[in-house]
Amino acid sequence: MRQHYTEEQANAILRRAIERMPMKDEMSRAQLESIATELGVSPDALQKAEADWEAEQAQAVDRAAFIATRRADFRRTFTVFAVVNVLFFLWCLAIGREQAISLAIVVMIGSTIGLALRAAFVLRTDGEDFELRFTRWRIERRARELAAQELGRIAPRPGG
């Protein structure tokens, strides 16, 4: 084994060692601070790292909620697609004309292609477009939360 490491190498080795360190259930804040102190991590650096970690966790939760919302929206779209296409096809069968049945098949093929493209768009969870939509969704959601809080503060209370 080497006798000297660069800062980057030492950080990587320590990170791996900590990740492999067996833990019982939880670690208290005091234990975390104690370990950080032993490693020479300043309280300020620990606080910033903790804040970064909490922000990443919040973003991961929001990202999962955004993906779930998009998939639920797609399921509704698919349900409408299926009902409309089945009804249209049944109507064309009821008419009984070859042109109507041919039209139904063409329309169903076209709408199926559109649905497949929509699925590819909705189910994709990477790329710049996804990140922009996620960011917009997150901002709008936070704005709705803040508006609801404000309305709760200024709404007249019953009997008051």
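1. The lining of the second largest pocket in this predicted model breaks down into 7 nonpolar, 1 polar and 4 charged residues. The pocket holds about 420 Å³ of space. If you would like to find it on screen, the lining residues are M27, S28, R29, L32, V41, A45, L46, A49, E50, D52, W53 and E56.

2. Which elements give two or more residues to that lining? They are α2 and α3, and α3 supplies the largest share, with 7 residues.

3. Now for the largest pocket, which contains about 550 Å³ of space. Its lining is made up of 14 residues, and those nearest the centre are L14, R15, I18, L39 and V41. V41 is also listed in the lining of the second largest pocket.

4. Two elements, α1 (7–20) and α2 (29–38), each give two or more residues to the lining of the largest pocket. The top contributor is α1, with 5 residues. Sorted by class, this lining has 11 nonpolar, 1 polar and 2 charged residues.

5. Last, the helix pair. Helix α3 spans residues 43–95 and helix α4 spans residues 98–123; the two pack at an angle of about 175°, and their axes are 10 Å apart. Angles over 145 degrees count as roughly antiparallel, so that is how α3 and α4 run relative to each other. The contact between α3 and α4 involves 20 nonpolar, 4 polar and 3 charged residues.

Conventions. Residues are numbered from 1 along each chain as its sequence is written. This is a predicted model: local features need pLDDT of at least 70, side-chain atom pairs count only at pLDDT 80 or more; totals for chains, interfaces and linings use all residues. Side-chain values use heavy atoms; hydrogens and water are left out. Axes are lines fitted to C-alpha atoms, for helices over the stretch in contact, and angles run from 0 to 180 degrees between N-to-C directions. Helices (H or I, at least four residues) and strands (E, at least two) are DSSP runs, numbered from the N terminus. Angles under 35 degrees count as roughly parallel, over 145 as roughly antiparallel, 65 to 115 as roughly perpendicular and the rest as oblique. Ala, Val, Leu, Ile, Met, Phe, Trp, Tyr, Cys and Pro count as nonpolar, Asp, Glu, Lys and Arg as charged, and the others, Gly among them, as polar. On a 1 Å grid over the protein atoms alone, a cavity is a set of points where a 1.4 Å probe fits but cannot get out, and a pocket is an open set with protein on both sides within 12 Å along at least five of seven lines; lining residues have an atom within 4 Å of a point. Grid points are joined across faces, edges and corners, and a volume is the space filled by probe spheres set on the points.
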